[in-house]
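This report goes through the fold of one chain, its nonpolar cores and the surroundings of one loop residue.

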Amino acid sequence: MKKPGILFFIFLVLVSQKALLAQTNNGMKDSNQELFIYHLVLTPEYENPEKWTEETYATIQEHSTFLEDLGKTGILVFAGRTKLNPGDENLFGIAVIRASSLEDAQKIMAQDPAVINSIQKASIYPFSMGIRHFANLK
């Protein structure tokens with residue numbers, strides 16, 4: 001299995017175009033679901049990938065699997081990261097998830113292996129999808 005190297009977020013998970021278009025705020029009101037964005041940054045001790053251990057790489061793989069599983073269950077809308085090197089102050093990742101409340105979204109985020117193991121620090125915010133042009137992702 002390929003190691004993530006300097007990447008702390010190994011993924012760009014996008015569900016199909018139709019699913020993304022169906023997951024607008026208006027469409028979700030009927031199902032008591034809201035959108036939340038969780039913002040991830042490397043904790044200072046993991047900003048230098050030369051200090052990463054096999055355990056760190058394994059945890060990042062678990063993080064990727066965790067997000068992929070959220071996508072398969074309809075919770076994750078999409079996720080990704082800035083394409084910057086560790087140490088750059090603008091390096092961060094985001095995941096947009098669906099949940100019934102902020103508290104439920106926090107519980108989901110708290111289960112992320114990278115958060116549990118303090119590789120990444122996470123913050124979560126209510127999110128409103130506004131302008132969408134998912135067809136441009138081709």
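Contact here means heavy atoms within 4.5 Å. The model is predicted. By that cut-off, and not counting residues up to four places away in sequence, threonine 43 touches Ser118, Ile119, Gln120 and Lys121. Threonine 43 sits in the loop that connects strand S1 (34–42) with helix H3 (54–72). Its relative accessibility is 12%, and because buried means under 20%, threonine 43 counts as buried. A polar atom of the threonine 43 side chain lies 2.7 Å from the backbone oxygen of serine 118.

The chain as a whole has five helices and four strands. Read from the N terminus, the order of elements is α-α-β-α-β-β-α-α-β. Among contacts between residues at least 6 apart in sequence, 77% join residues at least 24 apart. The chain has 138 residues, of which 42% count as buried. The exposed area is about 8,100 Å², with 53% of it supplied by carbon and sulfur atoms.

The largest nonpolar core holds 16 residues, and Tyr38, Leu67, Leu76, Ile97 and Ile124 touch the most other members. The elements below each supply at least two residues of this core.

| Element | Residue range |
|---|---|
| Strand S2 | residues 76–81 |
| Strand S3 | residues 93–99 |
| Helix H4 | residues 102–110 |
| Strand S4 | residues 120–127 |

S1 and H3 also each supply at least two residues of it. Another core, of eight residues, lies apart from the largest one and includes Leu42, Trp52, Ile60 and Ala114. In soluble globular proteins, nonpolar side chains tend to be buried together.

Definitions and conventions: Residues numbered from 1 in each chain as written. Predicted model: local features only at pLDDT ≥ 70, side-chain atom pairs only at ≥ 80, totals over all residues. Heavy atoms only, no water. Buried < 20%, exposed > 50% of the residue type's maximum accessible area, 1.4 Å probe, protein only. Areas by Shrake-Rupley, 256 points an atom, 1.4 Å probe, with all protein chains shown as cover. Polar contact = N/O pair within 3.5 Å; in protein donor to acceptor, adjacent residues only side chain to side chain. Core = buried A, V, L, I, M, F, W, Y, C linked by side-chain atoms within 4.5 Å.
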